Amino acid sequence: MIKKFIRKILGVKNATESGTANRKPDVLGPKDHNIDPALVSANAIRVTQTLQDNGFKAFLVGGAVRDLLTGVKPKDFDIATNATPEQVKRLFRRAFIIGKRFQIVHVMFGQDLLEVTTFRGSATDGAPKDEHGRVLRDNTFGEQHEDAVRRDFTVNAMYYDPATQTVLDYHGGMKDIKKKTLRIIGVPEARYREDPVRMLRVVRFAAKLQFTIDAATRAPIAVMAPLINNVPAARVFDEMLKLLTSGHALACLQQLRKEGLHHGLMPLLDVVLEQPLGEKFVTLALANTDERVQQGKPVSPGFLFASLLWHQVVEKWEAYKAAGEFPIPALHLAADDVLNTQTDALSIQRKIGSDMRDIWAMQPRFEKRIGKTPYKLLEHPRLRAGYDFLLLRCASGEIDADLGEWWTGFINGDGEERDRLINTKPKATVAEASVKKRRPRRRAPRKAAAAE
């Protein structure tokens with residue numbers, strides 16, 4: 001019934017048609033694609049060359065080729081081959097077969113990891129699926145033209161051979177790159193049902209590449225968005241992390257909301273972004289993240305998720321304090337509530353959750369600027385992350401800028417400057433002032449009445 005309803009809305013006659021296997025690709029030479037060989041990883045060339053020297057086909061594929069065609073140096077290089085995972089593993093000293101849904105091989109050169117996949121076959125009818133049509137396991141190998149059909153978008157279905165410097169284009173990906181269009185291969189409804197994560201991927205690619213989503217590719221998303229809830233939380237978390245560290249995080253989140261895909265991924269995100277302070281805080285955090293990515297600097301997932309979920313913590317923190325809890329225990333209870341909810345929704349890893357908790361827990365400690373307390377905080381292993389988080393709160397207007405300025409001076413100052421700051425009575429923050437205002441006056445004890 002649901003399938004018929006979706007087809008009726010989208011005008012899809014046959015959802016089983018997953019695309020046509022074009023056996024003869026367009027062959028693009030160096031003058032046609034203008035790929036700069038200098039942008040190709042030496043280790044990626046080494047893998048393709050080793051496979052070819054041993055009688056196998058081997059090509060760079062996917063996002064790496066797409067980036068090369070747009071003049072961008074790829075961060076990761078994936079290789080597709082007709083060699084089986086076991087055959088690939090035998091050719092490299094540090095190679096490991098991983099994956100349940102579809103087996104792949106990780107080939108390591110020092111810290112450099114390259115992913116090698118065997119050409120996938122087109123037959124998925126017999127593959128195990130859940131009740132919603134999501135493919136659970138599929139280790140059917142096939143020919144290259146069948147593998148091209150199994151790729152998600154046309155711009156990701158091109159194969160580059162570093163040895164001959166030719167690109168094989170099976171589905172008009174080059175034309176779509178020139179038109180700046182994202183188009184799914186085959187019938188969108190069927191492809192999203194096979195793997196709902198493709199709906200998140202199309203949003204990420206559209207925001208990152210500044211491409212337009214093809215109308216037919218976009219149409220089913222609003223109807224099929226709930227299928228994301230059937231995907232294992234770990235896969236959704238990995239995709240969200242890629243989205244948020246793409247260098248275009250804010251654009252990605254805005255696109256998620258536009259397509260109706262944010263529900264369940266970031267609960268209450270709409271509420272946060274509708275609040276002036278929340279919207280400014282999240283916007284600043286994502287802008288800082290994008291800037292770090294574009295400068296090639298590392299990004300802490302813990303800091304990123306701590307920023308996105310901070311105003312949920314604040315809301316619960318205030319509620320616990322209003323119920324009579326002391327501020328510090330109230331903050332820990334609020335953090336527990338938010339992390340428990342998000343661990344279920346996004347499968348946040350324990351290490352990331354621990355980093356988030358540390359960042360949140362440090363915030364009240366920054367208010368204490370007397371005695372030895374500031375010196376003890378300098379020894380905290382997550383000080384830099386907590387301090388950067390404090391500056392975000394200051395910049396968004398959540399707390400007084402004076403607090404951030406004081407800590408900037410204290411962290412960067414020498415011993416003499418730190419002593420001066422400690423001994424100079426700081427201006428009370430809004431939080432400190434409110435505590436002082438609420439504190440009842442102490443009365444002197446009554447003197448005992450004189451004995452009569």
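How many helices and how many strands does the protein have? I began with this count in the predicted model, and I noted 23 helices and 10 strands.

**Entry 1: overall figures**

I looked up burial next, and of the 452 residues in the protein, 47% are buried. I then turned to how contacts are distributed along the chain: taking those between residues at least 6 apart in sequence, I found that 67% join residues at least 24 apart.

**Entry 2: the nonpolar cores**

I asked which residues have the most contacts inside the largest nonpolar core. That core has 92 residues, and the two I wrote down are Leu244 and Trp360. Helix α16 gives the most to this core, contributing 10 residues. For Trp360 I listed the partners beyond four places in sequence, and these are Ala306, Leu309, Trp310, Val313, Leu331, Ala335, Val338, Leu339 and Phe389. I also recorded a second core, separate from the other and made up of 15 residues, with Met362, Leu383, Tyr387 and Ile411 among them. As background I kept in mind that nonpolar side chains tend to be buried together in soluble globular proteins.

**Entry 3: helix α12 against helix α16**

I wanted to know at what angle helix α12, residues 233-244, packs with helix α16, residues 301-322. The angle is about 90°, and the axes are 11 Å apart. Because angles from 65 to 115 degrees count as roughly perpendicular, I entered α12 as roughly perpendicular to α16. From α12 the contact takes in Phe237, Leu241 and Leu244, and these meet Pro301, Leu304, Phe305 and Leu308 in α16. When I sorted the contact of α12 with α16 by class, I got 7 nonpolar residues, with no polar and no charged ones. Leu244 thus appears in this contact and also among the residues with the most contacts inside the largest nonpolar core.

**Entry 4: two other residues of α12**

Is Glu239, in helix α12, buried or exposed? Its relative accessibility is 4%, and because buried means under 20%, I put Glu239 down as buried. Apart from neighbours within four places in sequence, Glu239 is in contact with Val197, Leu200, Arg201 and Arg204.

Ala234 lies in the helix α12 too, but I classed Ala234 as partly exposed, since its relative accessibility is 42%. I also looked at a pair distant in sequence: Ala234 and Asp344 are 110 residues apart along the chain, while their C-alpha atoms are separated by 10.0 Å.

**Entry 5: helix α21 against helix α22**

I then took helix α21, residues 401-412, with helix α22, residues 415-423, whose axes come within 8 Å and cross at roughly 150°. Because an angle over 145 degrees counts as roughly antiparallel, I recorded α21 as roughly antiparallel to α22. On the α21 side I found Trp406, Gly409, Phe410 and Ile411, and on the α22 side Glu417, Arg418, Leu421 and Ile422. By class, the contact of α21 with α22 comes to 5 nonpolar, 1 polar and 2 charged residues. I noted that Ile411, one of the residues in this contact, is included in the second core.

**Entry 6: Thr81**

Which strand holds Thr81? I placed Thr81 in strand β3, which spans residues 78-81, and since its relative accessibility is 0%, Thr81 counts as buried. Its side chain reaches the backbone oxygen of Lys57 at 2.6 Å. Not counting residues up to four places away in sequence, Thr81 touches Leu51, Phe56, Lys57, Ala58, Val88, Val116, Thr117, Thr118 and Phe119.

**Entry 7: positive phi in loops**

I checked Gln165 and found phi near 55°, a positive value in a residue other than glycine. Gln165 sits in the loop from β7 (158-161) to β8 (166-169), and at 27% relative accessibility Gln165 counts as partly exposed. For Lys180 I likewise read phi near 55°, again positive in a residue other than glycine. Lys180 is in the loop between α7 (173-179) and β9 (181-182), and with a relative accessible area of 49% Lys180 is partly exposed.

**Entry 8: Pro276**

My last entry is Pro276, which is in helix α15, residues 276-294, and which counts as exposed at 68% relative accessibility. Its C-alpha is 9.1 Å from that of Ser396, although Pro276 and Ser396 are 120 residues apart in sequence.

How values were computed
Residues are numbered from 1 along each chain as its sequence is written. This is a predicted model: local features need pLDDT of at least 70, side-chain atom pairs count only at pLDDT 80 or more; totals for chains, interfaces and linings use all residues. Side-chain values use heavy atoms; hydrogens and water are left out. Helices (H or I, at least four residues) and strands (E, at least two) are DSSP runs, numbered from the N terminus. Buried means under 20% relative accessible area, exposed over 50%, partly exposed in between (1.4 Å probe, protein chains only). A polar contact is a pair of N or O atoms within 3.5 Å; within protein, one must be able to donate a hydrogen and the other to accept it, and residues adjacent in sequence count only if both atoms are side-chain atoms. Contact means heavy atoms within 4.5 Å. Axes are lines fitted to C-alpha atoms, for helices over the stretch in contact, and angles run from 0 to 180 degrees between N-to-C directions. Angles under 35 degrees count as roughly parallel, over 145 as roughly antiparallel, 65 to 115 as roughly perpendicular and the rest as oblique. Ala, Val, Leu, Ile, Met, Phe, Trp, Tyr, Cys and Pro count as nonpolar, Asp, Glu, Lys and Arg as charged, and the others, Gly among them, as polar. A nonpolar core is a set of buried Ala, Val, Leu, Ile, Met, Phe, Trp, Tyr and Cys residues joined through side-chain atoms within 4.5 Å.
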